[in-house]
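User: Please zoom in on one part of this model for me: whatever disulfide bonding there is, and the chain around it. Informal is fine, but I'd like the numbers and cut-offs.

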Amino acid sequence: MSTRLNEISLSLIIWLLIATTTLAQSTNAPVLDTKGHPLERGKKYYIKPAITDNGGRFTLIDRNGSCPLYVGQENSDASKGLPVIFTPFAKEDKIVKLNRDFKVAFSAATICVQSTEWKLGEKDPKSGRRLIVTSNDGSYFRIVETQFGGVYNIRWCPTDVCPFCKFNCGTAGGLRENGKILLALDGNVLPVEFERA
């Protein structure tokens, strides 16, 4: 009986070590751009849909003729969009890593007297989805891998910032409204790629 219990305990310990190592490796894996290079802190990248005919590159959207500006997509994949800059939460991180928090801002000037940093905004009353807006006090986001290599999803779930907090996490996708494509959580999911500017 004691030998069988020891075998079960040893098997459980080995399984836990493998699971912990796998989780640590996936957390420390870099997010790759379209050329297979890690996304670097402070460098400019375009975010574009991984699926064609699903809108264009990410850009700033004037939703209602006033500030703040919203995060969204160009209507056409032929449009250039605006580059973004990633800033990982961990000061020592020089690259953007999977499942790790970062802030992101457009590398652009606007007529709004504010930052172009992304922030989780209000819930849209019509769709019930939470919109991504620009603000001086940005939110932390993270990138998660899909089953297709080099294709990712953007999530809001800042667990590096607050590991013990309970968040209503969500993955970003497009929300079509009045001929514009806004970025929003809690609905369809948009697979994306990152292209060095």
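Analyst: Let's fix the term: a disulfide here is a pair of cysteine sulfur atoms within 2.5 Å. This is a predicted model, in which local features need pLDDT of at least 70 and side-chain atom pairs count only at pLDDT 80 or more, while totals for chains, interfaces and linings use all residues. Residues are numbered from 1 along each chain as its sequence is written, and side-chain values use heavy atoms, with hydrogens and water left out.

The structure holds 3 disulfides. If you number the bonded cysteines of the protein chain in sequence order, the pairing reads 1-2, 3-6, 4-5.

Take the 1-2 link. Cysteine 67 and cysteine 112 have their sulfur atoms 1.9 Å apart. The torsion about their S-S bond is about -95°, so this disulfide is left-handed. In sequence the pair sits 45 residues apart and links distant parts of the chain: cysteine 67 is in the loop between E2 and strand E3 (70-73), and cysteine 112 is in the loop between E5 and E6. Those strand labels are DSSP runs numbered from the N terminus, with at least two residues for a strand (E) and at least four for a helix (H or I).

How open are the two ends? Buried means under 20% relative accessible area, exposed over 50%, and partly exposed in between, using a 1.4 Å probe and protein chains only. Cysteine 67 has 40% relative accessibility, so it counts as partly exposed. Cysteine 112 comes out at 6%, which means it is buried.

The backbone at cysteine 67 deserves a look too. A cis peptide bond joins cysteine 67 and proline 68, with omega about 5°. Proline 68 also lies in the loop between E2 and E3. For context, most residues other than glycine have a negative phi, and most peptide bonds are trans. Two aspartates go against the phi part: aspartate 53 has a positive phi of about 60°, and aspartate 186 has a positive phi of about 70°. Aspartate 53 is in the loop between E1 and E2, and at 71% relative accessibility it counts as exposed. Aspartate 186 sits in the loop between strand E12 (180-184) and E13 and is partly exposed at 37%.

Now the 3-6 link, which joins cysteine 157 to cysteine 169. The sulfur atoms are 1.9 Å apart, and the 45° about the S-S bond makes the link right-handed. Cysteine 157 and cysteine 169 are 12 residues apart, each in the loop between E9 and strand E10 (170-171). Cysteine 157 has a relative accessible area of 10%, so it is buried, whereas cysteine 169 is partly exposed at 25%.

The 4-5 link joins cysteine 162 to cysteine 165, S to S 1.7 Å. Its torsion is about 65°, so it is right-handed. Cysteine 162 is partly exposed at 22% relative accessibility, and cysteine 165 is partly exposed at 33%.

What do the strands around these loops contribute to? The largest nonpolar core has 30 residues, and those with the most contacts inside it are Ile47, Phe58, Phe86, Trp118, Ile143 and Phe194. Such a core is a set of buried Ala, Val, Leu, Ile, Met, Phe, Trp, Tyr and Cys residues joined through side-chain atoms within 4.5 Å. Among the strands that each supply at least two of its residues are E2 (58-61), E5 (102-106), E6 (117-123) and E9 (152-156). A second, separate core has 7 residues, including Ile61, Leu131, Leu182 and Ala184.

E5 also pairs with E4: 5 bridges join them, and they run antiparallel. Pairing takes at least two DSSP bridges. Threonine 87 has lysine 103 in E5 as its bridge partner. In E4, Val84, Phe86 and Pro88 make up the covered face, while Ile85 and Thr87 lie on the uncovered one.

Finally, confidence. On the 0 to 100 pLDDT scale, the predictor's confidence in each residue, the protein chain averages 88, with 86% of its residues at 70 or more. Over residues 4-26 the pLDDT is below 50, and this stretch has 2 contacts beyond near neighbours in sequence, a contact being heavy atoms within 4.5 Å. Where pLDDT is low, the predicted coordinates should not be read in detail.
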